[in-house]
Amino acid sequence: MKYFYEIPAKSQIAAELLGFAHSVTRWEQYYNFDAAVVPPELLFKDPVMARLLNDYTIVAGILRMPENTCYRWHTDTDRKVAVNMLLEDGGGSRCSFANDCSGVSFPITELKYQPNTYYVFDTQEMHSVSNFTTPRYLFSVEFFGKDRPMGFKKLQSDLQAIWN
C-alpha cells in the first residue's frame, strides 16, 4: 500500500524555509504543533510551490515539534492530503504509517525523508511521528476551499502528470 509519493522535482527553497523557521519568534498552536505560515513570496521562488499556488488554494507553513515528543497514531481530521518536506530533525525523528495499529504489534512503513524532497502525504492513512533529539521542523502544505476535499490519489495523479 502506498502512503506517500515523492515528487521528483527537488526543492529550491529548503534552505530558505529552514532559515525562516529559525527566525520565527511567535509560533501559533495548530493541531498540537507549533506552526508558522510561510509567506507566498518565498514559495513562488520554487517551481513546485509556484505550480501548487497557481493550481490550488493552499496555505503553507512550518510545523515545529519538540524533542522527546510523540504524535500518536491517527488520521488527520480535516485535511485529506498534504505536501510535506522535512527541513531539520537532527536525525532523530521517524514518521511511520500502518494499515491497522489496533494490535499489540503490527507492521509499519517508514517515510524516510530525503533532503530537499517534497512528498505527497496521505493524511487519511494511520500515521505517527516520534521525535527524539532536537526540535523537528517540517514544511507542510494544506489545501483549502474547493481543494479541501481533494484526496491523495487525485493530487498524486495531477503531480505525476507534470513531473514524471
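**Exercise 1. Work out whether Tyr3 and Phe97 are buried or exposed.**

Solution. Start with the cut-offs: buried means under 20% relative accessible area, exposed means over 50%, and partly exposed is in between, using a 1.4 Å probe and protein chains only. Tyr3 comes out at 4% relative accessibility, so Tyr3 is buried. Phe97 sits at 0%, so Phe97 is buried too.

A word on the input before going on: this is a predicted model, where local features need pLDDT of at least 70 and side-chain atom pairs count only at pLDDT 80 or more, while totals for chains, interfaces and linings use all residues. Residues are numbered from 1 along each chain as its sequence is written, and side-chain values use heavy atoms, with hydrogens and water left out.

**Exercise 2. Classify the ring pair Tyr3 and Phe97, then say which parts of the chain the pair ties together.**

Solution. Rings of Phe, Tyr and Trp (its six-membered ring) pair if their centres lie within 6.5 Å; planes under 30 degrees apart count as stacked, over 60 as edge-to-face and the rest as tilted. By that rule the structure holds 11 aromatic pairs. For Tyr3 and Phe97 the ring centres are 4.8 Å apart and the planes are at 10 degrees, so this pair is stacked.

Next, place the two residues. Helices (H or I, at least four residues) and strands (E, at least two) are DSSP runs, numbered from the N terminus. Tyr3 lies in the segment before β1 (4–6) and Phe97 lies in strand β7 (residues 93–98), so the pair ties together parts that are 94 residues apart in sequence.

**Exercise 3. Do the same job for Phe4 and Phe97, then find the cluster they belong to.**

Solution. The ring centres of Phe4 and Phe97 are 5.9 Å apart with planes at 40 degrees, so call this pair tilted. Phe4 is in strand β1 and Phe97 in strand β7, so to speak of distant parts of the chain is fair: they are 93 residues apart. Phe4 has 15% relative accessibility, so Phe4 counts as buried. Now follow the ring pairs outward: they link Tyr3, Phe4, Phe97, Tyr113, Tyr119 and Phe121 into a cluster.

**Exercise 4. List what Tyr3 is in contact with, leaving aside neighbours within four places in sequence.**

Solution. Contact means heavy atoms within 4.5 Å. With that filter, Tyr3 is in contact with Phe97, Ala98, Asn99, Thr109, Val120, Phe121, Asp122, Glu125 and Phe152. Pick Asp122 from that list and check the backbone: the C-alpha atoms of Tyr3 and Asp122 are separated by 5.4 Å, though the residues are 119 apart along the chain.

**Exercise 5. Where is Asn68, and what is its phi?**

Solution. Asn68 sits in the loop between β4 (58–65) and β5 (69–74). Its phi is near 55 degrees, a positive value in a residue other than glycine. Most residues other than glycine have a negative phi. Asn68 counts as exposed, because its relative accessibility is 62%.

Asn116 gives a second case to try. Its phi is near 60 degrees, again positive in a residue other than glycine, and its place is the loop between β8 (109–111) and β9 (119–122). At 36% relative accessible area, Asn116 is partly exposed.

**Exercise 6. Which residues does Phe132 touch, not counting residues up to four places away in sequence?**

Solution. First locate Phe132: it is in the loop between β10 (126–131) and β11 (136–143). With a relative accessible area of 49%, Phe132 is partly exposed. Its touching residues are Glu67, Asn68 and Gly92, so Asn68 from the previous exercise turns up here. As for Arg94, it is 38 residues from Phe132 in sequence and 8.8 Å away in space, C-alpha to C-alpha.

**Exercise 7. Put together the whole-chain picture: how many helices and strands are there, and what radius of gyration does the protein have?**

Solution. Count the elements: 4 helices and 11 strands. The radius of gyration is taken over C-alpha atoms, and the globule rule is 2.2 Å times the number of residues to the power 0.38. For 164 residues a compact globule would be near 15 Å, and the protein has 15 Å, so the two agree. Along the principal axes, the C-alpha trace spans about 45 × 35 × 25 Å. Buried residues make up 51% of the 164. Finally, among contacts with a separation of 6 or more, 84% come from residues 24 or more positions apart.
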